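Hi everyone, thanks for coming. I'd like to walk you through a model with you looking along on the screen, so please have the structure open.

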Amino acid sequence: MLPQADTRRLVDRILTLVHATKGAAGMVAVRSTREGNTRFAVNEITSTGDVERLSISLTVQFGQRSASATTNQVDDRSIDDLVGRALRMARLAPENPEQMPLLGRQAYLTPKDPADPATAKLTPDARAKAVGAALAAADAAKVAIAGFVEHGSQSVMLATSEGLSASHTWTSCGMSCTARTPDGTGSGWAGLGGHRIASIDAAALANTAVTKATSSARPHKLDPGRYTVILEPAAVASLLSFLIGAFNARRADEGRSFFARKRPGDALFPADITLRSDPTDVPLGASPFDSEGFPLAPTKWIDKGTLTGLPYSRFWARKQGKPPTGQPTGWTLDGGTASQAELIKGVARGVLITRFWYLRPLDPQTLLTTGLTRDGVYLIENGRISHPVTNFRFNESPVQMLARCDGLGLPEIPSGGEGSGVRVPALRTHEFNLASISEAV
Amino acid sequence: MKLSRRSFLTGSSAGALALFAGPRLGAARGLLTEPRLDELVKRALEAATKAGASYADVRVVRIRSENISTREDRVERVASNEDYGVGVRVIAGGAWGFAATPSVTAADAERAARDAVAIAKANAPLMKRPVTLAPVPANVDVWQTPLIKDPFKIPLEDKAEILLAINREAMKVPGVKFVTSQFAAAAEWKLLASTDGAYIEQEVVRLGPGYAVTAVDDKRGEFETREFQLPPRQAGWEYVEGSSMLADARRIGEEAVEKLKAPSVAPGKKDLILDPSNLWLTIHESIGHTTELDRALGYEANYAGTSFATPDQRGKLQIGAPFLTFYADKTTPGGLATCGYDDDGVATQKWNLIENGVLVSYQTTREQAGWIGEKASRGTCYADSYGSFPFQRMPNVSLAPGPRERSIDELIAATDDGIVIAGRGSWSIDHQRLNFQFGGQAFWEVKRGKKTRMLRDVAYQANTIEFWHACDAIGGPKSWFMGGTLTDGKGEPGQINSVSHGCPPARFRQINILNTNRRTA
């Protein structure tokens, strides 16, 4: 990774070059990462790598004209070329009346210990050891296993010619694995993310996946229909991402969003639903500022079931006479205290779902979404898991998922699926539309 | 376009290092401009071999991209990106290792080579079968996208103006409230060299413009969007200039408004006529991914899933009607996955995956060929950047047209009660590629051989095998059309791949049509 002092010199050099051009303002963003990963399948390691990446991005403004250029080379010629490209394109770009001036100096919240040294310097041997634990669990149970271990260290430095200076360094890591029975009828999954590798227990994750694989084998057929469902965190995270993506004041004001015609104060969900963002949420890899360097604040967007507001960009806030919020990061759906057994208890007939796959929007107005269950689906009868059942395609909205929710478990950070990077609990909801059977295992 | 480089460079026999020397090939557009890379490649391969690698390859990759996006009467974003670096992949102790850096110097490439070997050695004790590669000739060559006008040399204003002109045309339609349009171009230059004697330079140029028109009914609080995509291609700017994307803008705007006023579809079984602008994606999902060998054998189980079409069913599994032949082809002109050689250094080719409706073959790499008893790779290895590990990626996979000419209008005329779908809408398929559900951009009711009116809220849901068996008619050679995507995802960490799919229009009998309207719920 590029050392902090070198990054600072690079940023200063670029801004000096921009300053030398009359009428130009500039914002520089330098992102530097070092990532390591090991992938495994059919009970052995299949691919692996340690990769360094760098991105140096310059946005130049001439009044209402603007353009961006990016390179990953730090030599003088490449930097001169970067600045030249951005200046040339910005002069040629048509004027954008919505363009906001670059930000000056800002004050930011300080996350506590966002970079974990052990995660940053994890070795290939340590990754292989984690994989070895997963392979051992699968070999002992005579099932096939596939999975992924990853860790990374990232830093970003932002600066503008108007005096803004922001930087943030953090680590992230995750592991997920999928076990499959030799007869091809059972499949199980487990995955967790965070910022400290010590928080990830490879053997425990593998054992969960193996147990799910064996317990989901030889599934019974269950008719499609509307069911009470217990969604494990990975399933919740993937469907919830469509609601999180709809938090945008402009699209709502323009009448093309689920939130169109909704107002702060509207009670949308039960009182135990609180959805918030926190730029100091270290395990989620949240950032104290957004891509423009705008300072982010912890915000409850849904507070006890009630909509409190929507995120405003700087332009839309000015136009609508509202305070800007920046682009939120670090999303959490607050959980409750229920264990999985407690969520299942009291369900006369329902379905327990491990995770979803291939979610796609069907209707942006209602947030109706389609997708499939996978890696462990079970029928619940009279408060207990009865037997495994086939997979389903669902057609359901995250809005209805939350509106009909009446039980929340402990939150966690799933990793490796379609809903990574958020903290969510398992939840119980009702009338969930399992629309057709999927024969996939 | 292959430009022979054999007369300029002296290749070595397989297993030995190539001798990297010789004059530049001046006629090749933008290629062979950095002689210092010969030294870098040589030193990286030597460092890997010295550290204990039984095989090594080096990729030096430069990706330039340009993106312009607009909405209504303004340009929202203009961006130009460059990404450059070197990645070294090795086999040591029977295991893969890989390391990459954006610092393109001989010293850092050597460091990456040694790191890659160290990683391979860390992994070796957990290997149950050593990685073995199918043999390949020591290819030394140059390949580049044939084009007339380099899109990176077209003035920015010209590109922005065509997008703004599209927006103006669409906004003239009463009821249209929003338009967004965008243009993307990418040039991927890659130098691949290996200890098996490959020394190959390639440059692939891809373009992908498109737009989306939204009509809003403020009184009812409803909206509909009609997206239009000029199929992304390997091409020059002449492809955009010669297209009808501007001329079509008014019609696309009118379809957005008509769609908003259209009746919601009545669900149930109906005959389905799929325009190639919709069908290409169904082929991508249900046939393209299904015939990836790594997926079929469980190598993608943790993320993208497996496949119902396992190798033990090769030559036996009837996936669709007997007149359907699907072929893989990394040589199709303009195809997004087309190139001269894959990232294993294997010359690209065309072959059948499904013949007369029966599964006959797979997409393979050098590592994978032996897994199903084949002696040579099909040449489908690809890495999306210098920092990405090369693995099996989809070639262009297409449905061959029927032998006799037949247009989509003839399919409609021969249909009593059906729905026509055009454009790419929502798409989702299960992790063994069986249960799928697709939408579209524009839907028309067909009654007694005629398109009667537009519909909205349409999705079709089927099982892959039942769906392709329900196909009873396809268009002829002149109706064949190639769609594609620039961003097909696979693998962990995720990589993208650009891939095209050609097909004629086709009719499917009694398919399950869903209504996706929950507005009144």
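**Two chains, one at a time**

Let's begin with chain B, whose secondary structure comes to 10 helices and 27 strands. Its radius of gyration is 24 Å, close to the 24 Å that the globule rule gives for 521 residues, so chain B is as compact as a globular protein of that length. Before I go further, please keep in mind that this is a predicted model.

If you turn chain B along its principal axes, its C-alpha atoms fill a box of roughly 70 × 55 × 45 Å. Of the 521 residues in chain B, 60% are buried. And if you take the contacts in chain B with a separation of 6 or more, 75% of them are between residues 24 or more positions apart.

Now over to chain A, where there are 10 helices and 17 strands. Here the radius of gyration is 24 Å, and the globule rule gives 22 Å for 441 residues; the two values are close, so chain A too is as compact as a globular protein of its length. The box for the C-alpha atoms of chain A is roughly 75 × 55 × 35 Å, again along the principal axes. Buried residues account for 56% of the 441 residues in chain A. In chain A, 74% of the contacts with a separation of 6 or more join residues at least 24 positions apart.

**Inside chain B**

Let's go back to chain B, which is divided into domain 1, residues 2-261, and domain 2, residues 268-515. The C-alpha centres of these two domains of chain B lie 22 Å apart. Their contact takes 42 residues from domain 1 of chain B and 36 residues from domain 2 of chain B. Which strand gives the most to the domain 1 side of that contact? That would be β3(B), with 5 residues. By class, the domain 1 side that touches domain 2 in chain B has 19 nonpolar, 9 polar and 14 charged residues.

Next, please find strand β11 of chain B, residues 268-274. Is β11(B) enclosed or open? Well, 5 of its 7 residues are buried, so β11(B) is largely enclosed by the rest of the structure. This strand has two partners I'd like to show you. With strand β27 of chain B, residues 506-515, β11(B) runs antiparallel, joined by 6 bridges. In that pairing, K270(B) stands opposite I511(B) in β27(B). With strand β18 of chain B, residues 417-422, β11(B) runs parallel, and here 4 bridges join them. There, L274(B) has I421(B) in β18(B) as its bridge partner.

**Where the chains meet**

So what does the contact between the chains look like? It takes 64 residues from chain B and 75 residues from chain A. On the side of chain B that touches chain A, strand β3 of chain B, residues 74-92, gives the most, with 11 residues. You'll recognise β3(B), since this strand also gives the most to the domain 1 side of the contact between the domains. The residues on the chain B side that touch chain A divide into 31 nonpolar, 20 polar and 13 charged.

There is also strand pairing across the chains: β2(A) and strand β4 of chain B, residues 95-101, pair in the parallel sense over 2 bridges. If you want a place to look, find D50(A), whose bridge partner in β4(B) is A99(B).

**Three backbone spots to check**

I'll finish with some backbone geometry. As a reminder, most residues other than glycine have a negative phi, and most peptide bonds are trans.

With that in mind, look at V42(A), which has a positive phi of about 40° although it is not a glycine. V42(A) is found in the loop between β1 (24-41) and β2 (44-62) of chain A. With 17 C-beta neighbours inside 10 Å, V42(A) counts as partly exposed.

Over in chain B, N356(B) also has a positive phi, near 50°, and is not a glycine either. You'll see N356(B) in the loop between β13 (350-355) and β14 (358-359) of chain B. N356(B) is partly exposed, because 13 other C-beta atoms lie within 10 Å.

And where is the cis peptide bond? The bond from E492(B) to P493(B) is cis, with omega near -5°. P493(B) lies in the loop between β25 (481-490) and β26 (495-503) of chain B.

Thanks for listening, and I'm happy to take questions.

How values were computed. Residues are numbered from 1 along each chain as its sequence is written. Chains are lettered from A and ligands numbered from 1 in the order in which they are written. This is a predicted model: local features need pLDDT of at least 70, side-chain atom pairs count only at pLDDT 80 or more; totals for chains, interfaces and linings use all residues. The radius of gyration is taken over C-alpha atoms; the globule rule is 2.2 Å times the number of residues to the power 0.38. A residue is buried if 20 or more other C-beta atoms lie within 10 Å of its own, exposed if 12 or fewer, and partly exposed in between; C-beta atoms are placed from the backbone. Two residues are in contact if their C-beta atoms, placed from the backbone, lie within 7 Å. Ala, Val, Leu, Ile, Met, Phe, Trp, Tyr, Cys and Pro count as nonpolar, Asp, Glu, Lys and Arg as charged, and the others, Gly among them, as polar. Two strands pair if DSSP finds at least two bridges between them. Domain bounds come from an automatic or database domain assignment.
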